Amino acid sequence: MAQPLLQSAGAVAPAVPAAHAGTNPLCDLKVEGLCKSFGKDRSVLHGVSFSVGREEAVALIGSNGAGKSTALRCALRLIEPEAGSVLLFGEDISSARQRQLRRVRAEVGFVFQKHNLVPRVSALTNVIHGNLGRAGGMRGWSQLLAATALRDRAMACLDRVGLADQALKRADQLSGGQSQRVAIARALMQQPRMIVADEPVASLDPVAGQEVMDLFRQLTREEGITLLFTSHNVQQALAYSDRVLAIRQGEVVLDENSSGLSAADLGKHYG
Amino acid sequence: MADLLTFNRSRLPERFERPGALHFVAYVALLAFVVWSFQGAGWSFSALVSGGPALADFLSRSWPPSLERLPQLSKALLETFQMALAGTLIGIVLSLPLAVLAAKGLTRPSLLSRAVYTSSRLLIALFRTVPDLVWALVFVIAVGLGPFAGTLAIAVDTVGFCGRFFAEAMEDVEKGPAEALTAAGASRFDTIFCAVVPAAMPSFITTSLFALEKATRSSVVLGLVGAGGIGIELKVAMDFFDYQLAMTIILMIFVLVLCVERLGTLARSRILEGSSQ
Ligand SMILES: Nc1ncnc2c1ncn2[C@@H]1O[C@H](COP(=O)(O)OP(=O)(O)OP(=O)(O)O)[C@@H](O)[C@H]1O
Ligand SMILES: [Mg+2]
């Protein structure tokens, strides 16, 4: 199964050549020198720098605890890095005020490692929440209050992840994989320019996982959405990315085009 | 093998940590204070023994309960419950915004949010620690005798109770969903109402039901200071040595409180069932 996937990835040229990604003026995300530690002696990131070009699909790999999730959180300033700068869509958000930060975050669909759905409300309501960054207020709180246009769009997003028939099911009653797909639908609801997905398919079965990755590829190729995702599946990471970053003990140790890499190359960066 | 065993044994933790001298003195002082408290509380076996017959006398003179004023008493009992219900509802509505201000971690850490947090916590503590009977006395002065004073007292007491537990429920909610909405660019306000409140809802409801039970019990007592309800009837009956009437009132209160508690328990178990899935 892995082999054809690898070939299909190699067959399509990356949208942005990796060699220029760092200096490309069309660079959606550029982080430089990120440092983060939890407490005094838990240093997690030591000067992480990387960039993601516009419409590029980048995979971030690394062993458990390497700092992948932390790096992604710092990139949206969901947690404050101690040092380093973040440029999102060309805007420096390192010291941005809350209002600017909200506007920029609204353009990034963030899919968390743990789906992070709101329990006790319906899947549809969770998807509608994806629009809160663009339009806040009561009408975005629940599918009960939402305008028809908003509900329609949310249903379309759910349909894209194949869960339209579960729209009114309570989020805490969905299976792990269904929850993750609702979380992806919530990210789509943002009509994002970029999707950041932290192990988006880790809890999905092989078929659903490949469907989601295919959806991501379709989004990058056809709708020009930039993608940054992490994965522990090196073959999948290679197959669905234009470029691979490896992070190890809080440092970026690999940044290369996927086409020139093999699964064995990536395997070296674990352990 | 033997080496391994002795090595392991030497690393075994002590069963008890031996208290230091200071701790030992503290324990002794605590024990002494407990004993002294019984004396301070006027604990007396002889009074207990001699009180027995007086109690028996009260019981025999209060039986059978008199039913002659049942219609008036029922009306007073209904008023008692209405005070409790209205007061609790007002209290819950006022608690919610106060609890949001008094919950840690909902707002961005800043000097202002610290000040707001501290002052709302203090306000809630004030409402909670001053007994409801005292609030009733205050409101009787403010709005005059009658159930409205009692309702206000219950509302304030409920804010003290619910404000604290609502805030703690919101602090305990899992942070993930709120982080997800923040990442999507939602405002703090929207995040609180979309991610924190729904997750804390079961806790809100059980707390509110407890508050209603508590309010029903205290609304009985509030009548004693003229803040409406059946309490005043009980006081009058006692003052006029009409023990049969007093017994009727006590039994009616018993049934009311029991019913509210049963209904509360039933509703709570329903809600917890719903949330465990
Ligand atoms: N909130 C936190 N408080 C303290 N330590 C944390 C916190 N978040 C992460 N860490 C620590 O930072 C390190 C990196 O965590 P991170 O979640 O970024 O790893 P990861 O690369 O995403 O791993 P995984 O593949 O398991 O998801 C870990 O050692 C973790 O214990
Ligand atoms: Mg992670």
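**Ser66(B) and its surroundings in the predicted model**

Ser66(B) is located in the loop that connects helix 3 and helix 4 of chain B. The model described here is predicted. Although placed in a loop, Ser66(B) is buried, since its relative accessible area is 13%, and the cut-off for burial is under 20%. Beyond its neighbours within four places in sequence, Ser66(B) makes contact with Gln244(B), Leu245(B) and Thr248(B). A further residue of chain B, Tyr243(B), lies 177 residues away from Ser66(B) along the chain, yet the two C-alpha atoms are separated by 8.8 Å.

The loop that holds Ser66(B) also contains Pro64(B), and it runs between helix 3 (45–61) and helix 4 (70–102). The peptide bond that leads from Trp63(B) into Pro64(B) is cis, with an omega near -5 degrees. Most peptide bonds, by contrast, are trans.

A second serine of chain B, Ser120(B), is placed in helix 5, which comprises residues 111–129. Ser120(B) has a relative accessibility of 4% and therefore counts as buried. When neighbours within four places in sequence are set aside, the contacts of Ser120(B) are with Leu98(B), Leu101(B) and Ala102(B). Helix 4 of chain B covers residues 70–102.

Chain B as a whole contains 11 helices and zero strands. Its radius of gyration is 26 Å, whereas the globule rule gives 19 Å for 277 residues; chain B is therefore more spread out than a compact globule. Along the principal axes, the C-alpha trace of chain B spans about 80 × 60 × 40 Å. Of the 277 residues in the chain, 40% count as buried. Contacts in chain B between residues at least 6 apart in sequence were also examined, and 78% of these join residues at least 24 apart. The pairing of Ser66(B) with Gln244(B), Leu245(B) and Thr248(B) offers an example of contacts within this chain.

The accessible surface of chain B amounts to about 16,700 Å², and carbon and sulfur atoms account for 71% of that area. Chain B carries 21 positive and 20 negative charges, and the mean positions of the two sets are 6 Å apart.

In chain A, an unreviewed UniProt entry lists residues 29–266 under "domain: ABC transporter". This span is 32% helix and 25% strand, and its end C-alpha atoms lie 23 Å apart.

Two residues of chain A have backbone angles of note. Arg77(A), in the loop between helix 3 (68–75) and strand 4 (83–88) of chain A, has a phi near 55 degrees, which is a positive value in a residue other than glycine. Glu199(A) likewise has a positive phi, near 45 degrees, and is found in the loop between strand 7 (194–197) and helix 8 (206–223) of chain A. Most residues other than glycine have a negative phi. Arg77(A) is buried, with a relative accessible area of 12%. Glu199(A) is buried as well, with a relative accessible area of 10%.

Note on methods
Residues numbered from 1 in each chain as written. Chains lettered and ligands numbered in written order. Predicted model: local features only at pLDDT ≥ 70, side-chain atom pairs only at ≥ 80, totals over all residues. Heavy atoms only, no water. Helix = DSSP H or I, 4+ residues; strand = E, 2+ residues; numbered from the N terminus. Rg over C-alpha atoms; globule rule 2.2 N^0.38 Å. Buried < 20%, exposed > 50% of the residue type's maximum accessible area, 1.4 Å probe, protein only. Contact = heavy atoms within 4.5 Å. Areas by Shrake-Rupley, 256 points an atom, 1.4 Å probe, with all protein chains shown as cover. Lys, Arg positive; Asp, Glu negative; His and termini not counted. Charge placed at Lys NZ, Arg CZ, Asp CG, Glu CD. UniProt positions renumbered as here; feature names shortened; annotations may be inferred.
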